[in-house]
Amino acid sequence: MPVQNKAMLITYSDSFGKNIKEVHQVLKDHVGDAIGGVHLLPFFPSTGDRGFAPSDYTKVDSAFGDWNDVEALGEDYYLMFDFMINHISRESVMYQDFKAKHDDSEYQDFFIRWEKFWQAAGPNRPTQADVDLIYKRKDKAPIQEIDFADGSKEHLWNTFGDEQIDINVKSEVAKKFFKDTLESMVKHGADLIRLDAFAYAIKKVDTNDFFIEPDIWELLESVRDILTPLQAEILPEIHEHYTIPAKINEHGYFTYDFALPMTTLYTLYSGKTERLADWLKKSPMKQFTTLDTHDGIGVVDARDVLTDDEIDYASDQLYKVGANVKKTYSSAAYNNLDIYQINSTYYSALGNDDAAYLLSRAFQIFAPGIPQIYYVGLLAGENDIALLESSKEGRNINRHYYTKEEVAQEVQRPVVKDLLALLAWRNDFAAFDLDGSIEVETPSATTIKITRQNKAGDHVAVLEADAANKTFTVTADGSVIMSK
């Protein structure tokens, strides 16, 4: 089915129930009309990074189910799959064939061969300045040695974890792989493809190798050319200054609102609504909004939406107000790759406070775009310290494994019932149409009034909230829907 203007759940295949079949059952039995779409986080065989080091896109990991389970889910919900356009696992057919056959492999150009890449740039490259210029996720050069069966060695470009080897996106063999894989995803039910880490995919001498124009537009357009005839959309994923997603949006793509999470926290910590109002006025309609995802809460995403002092204030308050939120959980001690994210559930970031949390979701529901709700957030989940400590993985604080029995219990909590009711109402109310309008007012320093109206002008939704007192009222065509 095509992408719908209905809230999307983000979940792993084994965390909202133990497999895809149980995810489907839980949604039908306990969530109902609150959710219209599902972003099923990587469910392919993978060798690391909780699915983001895929080894084979042609299969569903048997621990999660099979293609029949995925397609059955797609009968009831629009679906988003992840495509890691920047990298693939060392256990992939491509890597293993290249390792075995070296220059005789059909995949000899599938990866970015570090020495070959720099030889084309001239003698004595790369210099230290070349390496320093690269937008890196590591302190060292983004490379990994490959030992070929013939006894020779080379280095391949390796931006992320050891299992995630970068793809040479300009090679013909990679282009064929992209086309085959994307077409297969749509065949199995994908209505939307999330392009993970796409901004790293273009490597070019004398650049920082991140979001390189115009090459990045050519890459995105090549993917869109494959998917448009199949009536599927692209959602490029990027954590950067808000002007970069804005540029992507201007090219007609869906984007993420990653500035909203920290801006909303700042609003609820400070009680001041001006920054949130300013951000909502400039946000596009063709986007997916977030407060939480499978990663941490982004800090730099809100740069220049909030001032540096306001970002520092919100970060400091997160550690003071948040329940079981500690700086060490977002540090190298807990294997964190991105030091510009804070590891916490959104509910715990607000001190496990029901009133503050429900208001944060009301803001998200009234923001331009389609709400994406992470599965832990849908259940107003607290930080999972036991999972964090047992794994020593910082992001696991926000990755609790819910059984279907736990979900059945959690949906009985008043805050979860209220959230599900708000989402179900929003999904069916015409005022939230993406071709409609939004008006934002701040009657006082601590209050905000958000009005959403459909294009025809015959349906109006209004949120009036006090960020200091954490109270709000929602009305639809003049009738009160919820008042807290």
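P214 sits in the loop between β8 (190–195) and α7. Keep in mind that we're looking at a predicted model here. What kind of peptide bond leads from E213 to P214? It's cis, with omega near 0°.

P214 has company: R125 and P126 are also joined by a cis peptide bond, and there omega is about 5°. You'll find P126 in the loop between α4 (114–119) and α5 (128–133).

Why bother pointing these out? Most residues other than glycine have a negative phi, and most peptide bonds are trans. The backbone has some positive phi values to show you as well. H102, in the loop between α3 and α4, has a phi near 55°, although this residue is not a glycine. Q231 belongs to the loop between α7 and β9 (233–236), and its phi is near 60°, again a positive value in a residue other than glycine.

Here are the backbone spots side by side:

| Spot | Backbone value |
|---|---|
| R125 to P126, cis | omega about 5° |
| E213 to P214, cis | omega near 0° |
| H102 | phi near 55° |
| Q231 | phi near 60° |

Are H102 and Q231 buried or exposed? H102 has a relative accessibility of 11%, so it counts as buried, the cut-off being under 20%. Q231 has a relative accessible area of 70%, and exposed means over 50%, so Q231 is exposed.

Now for a serine. S92 is found in the loop between β4 (87–89) and α3 (93–101). With a relative accessible area of 0%, it falls under the 20% cut-off, so S92 is buried. What does S92 touch, leaving aside residues up to four places away in sequence? The answer is S55 and F111. There's also a polar atom of the S92 side chain that lies 2.8 Å from the backbone oxygen of S89.

Finally, let's look at a pair of helices. Two packed helices are described by the angle between their axes and the distance between the axes. For helix α6 (residues 172–187) and helix α7 (residues 215–227), the angle is about 45° and the axes are 10 Å apart. That angle is why α6 is called oblique to α7. Their crossing is right-handed.

Which residues make the contact? On the α6 side they are F178, K179, L182, E183 and V186, while α7 brings V223, I226 and L227. Sorted by class, this contact has six nonpolar residues, two charged ones and no polar ones.

Terms used. Residues are numbered from 1 along each chain as its sequence is written. This is a predicted model: local features need pLDDT of at least 70, side-chain atom pairs count only at pLDDT 80 or more; totals for chains, interfaces and linings use all residues. Side-chain values use heavy atoms; hydrogens and water are left out. Axes are lines fitted to C-alpha atoms, for helices over the stretch in contact, and angles run from 0 to 180 degrees between N-to-C directions. Helices (H or I, at least four residues) and strands (E, at least two) are DSSP runs, numbered from the N terminus. Angles under 35 degrees count as roughly parallel, over 145 as roughly antiparallel, 65 to 115 as roughly perpendicular and the rest as oblique. A crossing is left-handed if the near helix is turned anticlockwise from the far one by less than a right angle, and right-handed if clockwise. Contact means heavy atoms within 4.5 Å. Ala, Val, Leu, Ile, Met, Phe, Trp, Tyr, Cys and Pro count as nonpolar, Asp, Glu, Lys and Arg as charged, and the others, Gly among them, as polar. Buried means under 20% relative accessible area, exposed over 50%, partly exposed in between (1.4 Å probe, protein chains only). A polar contact is a pair of N or O atoms within 3.5 Å; within protein, one must be able to donate a hydrogen and the other to accept it, and residues adjacent in sequence count only if both atoms are side-chain atoms.
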